[in-house]
Amino acid sequence: MKKIVVLISGSGSNLQSIIDACQHHQIDGQIAAVISNKSDAYGLIRAQEAGIPALCVSSKTITDRQAYDAALLDTIEQYQPDLVVLAGFMRILTPDFVKHFTGKMLNIHPSLLPKYPGLHTHRRALENGDKEHGTSVHFVTEELDGGPIILQGHIPVFAQDTEDDLVERVKLQEHLIYPQVIEWFVSERLMMQEGKAVLDGQPLPATGYRAN
C-alpha cells in the first residue's frame, strides 16, 4: 500500500476528504503522517482523531526558508512516502525541496489554472466578471502554481455571488477531485513525464481533465 504524507497550514478540509477516502477504500493508500507549519492548525486535530501521526515543523521557530525546507524534508523522509500532498500548505517551497520530490508531489489550487496563480483567486474571479471559476489539481514544480495540470473542477459564478459563496462552492469540487487524483497516482495510473501529466499512458491536455 502506497504511503502518503499530507502537508497543511490550516483547518484541513481537503485533508478530511482524503482521510475519508482512505477509510472508505476509495484511495488504495495510507496517510503515513500529517505535517503542519503551524502548531494550531485544526488539521492536526483531524489527523489525531483519525489515528494518524500529526507533527508540526514550525515556521515560527525556523525562519530561514532554506533551513525550514531542509527540516521539513528530513521530517517527511522519516515516513518514506510515495506521494506528498499539499492540502492548503501556505508556503512557497524552495527549488531544492521541489526537486527532491519531483513527480511525486501534488497541490490543489482554487482557480482554473493557468488563471489566477497565487492568492485571492475568488476575489480576482469576481472582479474580472468571470462566469466560471473552479479548482485545479497539479503536479508541483518550481514555478508557483505552474506544474502540469491533472484535473479541474468547474463551478458557475452567479451575479449575486460573494467571495464566501465561491469559497464554499469551490471546496465542494476540491473534496471530490483531490481524492480522485490521489487514487490515480497511488494506483500507478498517473505520473509526470517530460514535464507533462500522463494518465493511463496518455499525456493530458494543458488544462487537464474537466471533472464536470
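**Exercise 1.** In this predicted model, determine how many bridges join β1 to strand β4 and in which direction the two strands run.

*Solution.* Step 1. Locate the second strand: β4 comprises residues 83-86. Step 2. Identify individual partners: V6 of β1 has V85 as its bridge partner in β4, and V5 has V84. Step 3. State the result: β1 and β4 are joined by 4 bridges and run parallel. As background, strands of a sheet pair through backbone hydrogen bonds, either parallel or antiparallel.

**Exercise 2.** Describe where the side chains of β4 point, and state whether they are buried or exposed.

*Solution.* Step 1. Recall the general pattern: in a regular strand the side chains alternate between the two faces of the sheet. Step 2. Apply the pattern to β4: L83 and V85 point one way, whereas V84 and L86 point the other way. Step 3. Consider accessibility: all of these residues are buried.

**Exercise 3.** Explain why strand β1 is described as largely enclosed by the rest of the structure.

*Solution.* Step 1. Delimit the strand: β1 covers residues 2-8. Step 2. Consider its burial: 5 of its 7 residues are buried, and therefore β1 is largely enclosed by the rest of the structure.

**Exercise 4.** Which helix joins with β1 and β2 to make a β-α-β unit, and what is the handedness of that unit?

*Solution.* Step 1. Examine the pairing: 7 bridges link β1 to β2 (residues 29-36), and these strands run parallel. For example, L7 stands opposite I35 in β2. Step 2. Add the helix: α1, residues 13-23, completes the unit with β1 and β2, and the unit is right-handed. Step 3. Turn to another unit: β4, helix α4 (residues 95-100) and β5 also make a right-handed β-α-β unit. Here β4 and β5 (residues 105-109) run parallel and are joined by 3 bridges, with V85 opposite L106.

**Exercise 5.** Give the strand order of the open sheet of 3 strands, and explain why one side of each edge strand is left without a neighbour.

*Solution.* Step 1. The order is β8-β9-β10, with antiparallel pairing. Step 2. At the edges stand β8 (190-193) and β10 (202-203); each has a single partner strand, so one side of each lacks a neighbour in the sheet. Step 3. Inspect one pair: β8 and β9 (residues 196-199) are joined by 4 bridges, and Q193 has K196 as its bridge partner in β9.

**Exercise 6.** Classify C22 and C56 by their relative accessibility.

*Solution.* Step 1. Buried means under 20%; C22, at 13%, therefore counts as buried. Step 2. C56 has 34% relative accessibility, so this residue counts as partly exposed.

Key
Residues are numbered from 1 along each chain as its sequence is written. This is a predicted model: local features need pLDDT of at least 70, side-chain atom pairs count only at pLDDT 80 or more; totals for chains, interfaces and linings use all residues. Side-chain values use heavy atoms; hydrogens and water are left out. Buried means under 20% relative accessible area, exposed over 50%, partly exposed in between (1.4 Å probe, protein chains only). Two strands pair if DSSP finds at least two bridges between them. A crossover is right-handed if, with the strands pointing away from the viewer, the path from the first strand over the helix to the second runs clockwise.
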